[in-house]
Amino acid sequence: MTNHLISLQRLARLSGNNTQELDDDFLEFLIDELDQPTSPAGRLAPLLLVRLQQLKQHPAELLRRLQFSSSVVKQLHQLQQQWLGQVVQALMAENIAVAPLNGAAFNDHLYPHDTPRIGADLHLLIKEQDAARSHHCINQILSPVKQSKSMHAAKFLQCNRAWKLPQKIPSTLYLHHAIAHGEGFPQLAEQLFERSQPYSDATGALIRKLTVEDHLLYLAVQGTRNLSVIN
């Protein structure tokens, strides 16, 4: 599986000039992955389709799957962006500053507009003092995710809230007002906002853009949390 993911990353690099043929095992892996638009390969379908067309080898079944998956991914991406824009506009109307995170921040910069990548979720960062107003605002637009009474859920609620996107869109919107629960990395979210800049692709200073270094720091903290080192 790890080797397949490395091969997938190499195939997705549009800047490469590698014209090697796809081995049968990797080809079978790709075809299976494309059955799910939210799989690692499925999310990259538009990019993989362009890349495949640059290779000498055009397996007919893979090409057909990629063409279909690309259409699905582009539709999902458009729906995600529409709901993300609606939420951000609603927060701005309440004078709440917001910073896109993860794919919501990187997509237009890392992937061309005609070959978008969809993320499993949408992530936004707000200031802690705006948390209550933000939750009330988004509750008017989306349905909140019901949280269990487990200890993990309690820790999650200390710094996050989640809402499901409608229309059977397989995505969740996460609103972060802290980077980690409890005493982990106190005031880090506030410091990230202080160093942020106006988002170049949007009007108004309320949409913020983290520095590259701060975004990498955020991703590192999230990765550490996901590995249960903090928990």
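In the predicted model, the side chains of Arg65 and Asp35 form a salt bridge with an N to O distance of 2.7 Å. This pairing connects distant parts of the chain, since Arg65 belongs to helix α5 whereas Asp35 is placed in the loop between α2 and α3 (40-43), 30 residues apart. Asp35 has a relative accessible area of 48% and is therefore classed as partly exposed. Arg65 engages a further acidic partner, Glu61, with the closest N and O atoms 2.8 Å apart. In contrast to the link with Asp35, which joins distant parts of the chain, the contact with Glu61 is confined to helix α5, where the two residues are 4 positions apart, about one turn of the helix. Such a spacing can be rationalised in general terms: an α-helix has 3.6 residues a turn, so residues three or four places apart point the same way. Glu61 is partly exposed, because its relative accessibility is 32%.

The search of the whole structure returned 5 salt bridges. One of them joins Asp130 and Arg133, whose closest N and O atoms are 3.1 Å apart. The two partners fall into separate accessibility classes: Asp130 is buried, as its relative accessibility of 10% is under the 20% limit, while Arg133 is partly exposed at 38%. Through shared partners, salt bridges also unite Asp35, Glu61, Arg64 and Arg65 in one network. In general, side chains of opposite charge can pair when their charged atoms come close.

The protein chain contains 10 helices and 7 strands. Of its 231 residues, 44% count as buried. Among contacts in the protein chain with a separation of 6 or more, 66% involve residues 24 or more positions apart.

The largest nonpolar core comprises 47 residues, and within this set Leu30, Leu48, Leu62 and Leu173 touch the most other members. Elements that each supply at least two residues to this core are α1 (2-12), α2 (24-33), α4 (45-54), α5, β2 (121-126), α7 (131-139) and β5 (172-176). The largest share, 11 residues, is provided by α5. Leu62 is in contact with Leu22, Leu27, Leu30, Ile31, Leu34 and Leu52, when residues up to four places away in sequence are not counted. A second core of 12 residues, separate from the one described above, includes Ile179, Leu192, Leu210 and Val221. As a general tendency, nonpolar side chains are buried together in soluble globular proteins.

Helix α4 is mostly covered, with 7 of its 10 residues buried. The buried positions of α4 are Ala45, Pro46, Leu47, Leu48, Leu49, Arg51 and Leu52. Of these, Leu48 is also listed among the residues of the largest nonpolar core that touch the most other members, and Leu52 is one of the contacts of Leu62.

Strand β2 contains Asp121, a residue that is partly exposed because its relative accessible area is 25%. Leaving aside neighbours within four places in sequence, the contacts of Asp121 are Ser171, Thr172 and Tyr174. The C-alpha atoms of Asp121 and Tyr174 are separated by 7.3 Å, although the two residues are 53 positions apart along the chain.

The second largest pocket has a volume of about 390 Å³. Its lining consists of 17 residues, of which Asn102, Gly103, Tyr111, Arg117 and Gly119 lie nearest the centre. At least two lining residues come from each of α5, α6 (103-110) and β2, and α6 accounts for the largest share, with 5 residues. Classified by residue type, the lining of the second largest pocket comprises 7 nonpolar, 8 polar and 2 charged residues.

Backbone geometry was also examined at Asn95, which adopts a positive phi of about 60° although it is not a glycine. Most residues other than glycine have a negative phi. Asn95 occupies the loop between α5 (60-93) and β1 (98-101). With a relative accessibility of 56%, Asn95 exceeds the 50% limit and therefore counts as exposed.

Notes. Residues numbered from 1 in each chain as written. Predicted model: local features only at pLDDT ≥ 70, side-chain atom pairs only at ≥ 80, totals over all residues. Heavy atoms only, no water. Buried < 20%, exposed > 50% of the residue type's maximum accessible area, 1.4 Å probe, protein only. Core = buried A, V, L, I, M, F, W, Y, C linked by side-chain atoms within 4.5 Å. Contact = heavy atoms within 4.5 Å. Salt bridge = Lys/Arg side-chain N within 4 Å of Asp/Glu carboxyl O. 1 Å grid on protein atoms, 1.4 Å probe; cavity = no way out; pocket = protein on both sides within 12 Å on 5 of 7 lines; lining within 4 Å. Points joined across faces, edges and corners; volume = space filled by probe spheres on them. Nonpolar A, V, L, I, M, F, W, Y, C, P; charged D, E, K, R; others polar.
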